[in-house]
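Here is a small set of exercises to work through with the model open. Try each task before reading its solution.

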Amino acid sequence: MEMTGAPRLVRLSSSLLGVLAVTGLFLVIVAVVELRWWGTSAPEKLTAIFADVADQGGPTPPLMLRGHGGAIELLVMGAVGVACGVLAPFVLRGRRWARTTILVTTATLVLWGMFVVGADGVALTGFPAYFDELASEGFTARIPEIDALLYPDWYSWTEDIAQGLLLALSLSCLVVLAWAVIRHGDYFTTKKADQAGPDVWQETLSRIHQKGTGR
């Protein structure tokens with residue numbers, strides 16, 4: 001990727017987008033693994049065990065199993081991260097449309113990622129408590145049976161790391177590129193610079209920066 005001539009902040013944002021693409025690909029792989037798990041008999045067996053325990057007056061299971069929708073969310077988030085990386089060379093060349101697309105997309109990823117990670121955190125903290133309730137209510141024998149059908153131990157922390165990295169990198173790309181627009185707004189142009197209209201993003205971010213610094 002040719003980086004000569006581009007401001008340092010633009011080069012940095014382009015490099016971060018490349019790392020974001022790699023992280024997105026990693027998240028896609030994690031999502032595919034989860035989808036494969038949903039294709040096995042384990043989810044159906046777990047549902048049957050949960051129903052049986054509940055019928056016997058046992059505790060209600062936590063909302064851990066999100067269904068295929070959770071894996072699809074991860075897949076889409078990863079794919080969007082990869083797509084951002086594809087636009088990195090255009091950001092490096094100062095293409096205004098690529099810059100605008102990245103700003104909007106990374107902001108969306110940050111908001112979406114915070115929602116998904118937050119929902120996962122609630123689900124994961126609820127399952128150990130469910131095992132405690134099973135033990136206290138006389139269903140200790142069902143705990144190994146349930147535990148054997150859950151995701152592999154390594155999957156949960158791998159998914160958390162991938163989501164956390166994607167969220168952190170999306171935020172980093174957003175902040176660095178926004179700062180690049182403030183500092184080097186003239187670097188970003190349309191394909192036909194002589195026909196380019198006003199740069200709304202540069203004007204808006206500059207106004208926000210001026211108000212924040214009291215200028």
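**Exercise 1. After α2**

Which glycine follows α2, and is its phi positive or negative?

*Solution.* Look just past the end of α2: the residue to find is glycine 57. Its phi is positive, near 85 degrees.

Some ground rules before going on. This is a predicted model, in which local features need pLDDT of at least 70 and side-chain atom pairs count only at pLDDT 80 or more, while totals for chains, interfaces and linings use all residues. Residues are numbered from 1 along each chain as its sequence is written, and side-chain values use heavy atoms, with hydrogens and water left out.

**Exercise 2. Fold and confidence**

Work out the secondary-structure pattern of the protein chain, then find which element has the lowest mean pLDDT and which the highest.

*Solution.* Start by counting: there are eight helices and zero strands. Here helices are DSSP runs of H or I with at least four residues, strands are runs of E with at least two, and numbering starts from the N terminus. Along the sequence that reads α-α-α-α-α-α-α-α.

Next, turn to pLDDT, the predictor's confidence in each residue, from 0 to 100. The chain averages 82, and 78% of the residues score at least 70. Helix α8 (residues 200-213) has the lowest mean among the elements, 54, and α4 the highest, 94.

**Exercise 3. Two helices, two faces**

Check the lengths of α2 and α3 against the expected span, and say where their buried residues sit.

*Solution.* Take the expected span as 1.5 Å times one less than the number of residues. For α2, with 14 residues, the distance from first C-alpha to last is 20 Å, close to the expected 20 Å.

Now pick out what is buried, meaning under 20% relative accessible area (exposed is over 50%, partly exposed in between; 1.4 Å probe, protein chains only). In α2 these residues are Ala42, Pro43, Leu46, Ile49, Phe50 and Val53. They fall within an arc of 120 degrees seen down the axis, so they line one face of α2. The arc is taken from the directions from the helix axis to the C-beta atoms. Turned away from that buried side, you'll find the exposed residues Glu44 and Asp55.

Then repeat for α3: its 19 residues should span 27 Å, and its end C-alpha atoms are 27 Å apart, which agrees. The buried residues of α3 are Gly70, Ala71, Leu74, Met77, Gly78, Gly81, Cys84 and Gly85. Their arc is only 145 degrees around the axis, which puts them on the same side of α3. As a reminder, an α-helix has 3.6 residues a turn, so residues three or four places apart point the same way.

**Exercise 4. The core**

How many residues does the largest nonpolar core have, and which elements give two or more residues to this core?

*Solution.* First, the rule: a nonpolar core is a set of buried Ala, Val, Leu, Ile, Met, Phe, Trp, Tyr and Cys residues joined through side-chain atoms within 4.5 Å. The largest one has 49 residues, and Leu17, Val91, Tyr130, Phe131, Leu134 and Ile146 have the most contacts inside it. The elements giving two or more residues are α1 (8-38), α2 (42-55), α3 (68-86), α4 (88-92), α5 (96-136), α6 (142-149) and α7 (153-184).

For the chain as a whole, buried residues make up 40% of the 215 residues.

**Exercise 5. Far in sequence**

Where does glycine 94 lie, and which residues does glycine 94 touch, not counting those up to four places away in sequence?

*Solution.* Locate the loop between α4 and α5, where glycine 94 lies. This glycine is buried, at 0% relative accessible area. With contact meaning heavy atoms within 4.5 Å, glycine 94 touches Tyr187, Phe188 and Thr189.

Two more pairs are worth checking. Valine 181 in α7 is buried, at 0%; leucine 9 is 172 residues away in sequence, yet their C-alpha atoms are 9.0 Å apart. Leucine 103 in α5 is buried too, at 2%, and has a C-alpha separation of 5.7 Å from leucine 174, 71 residues apart in sequence.
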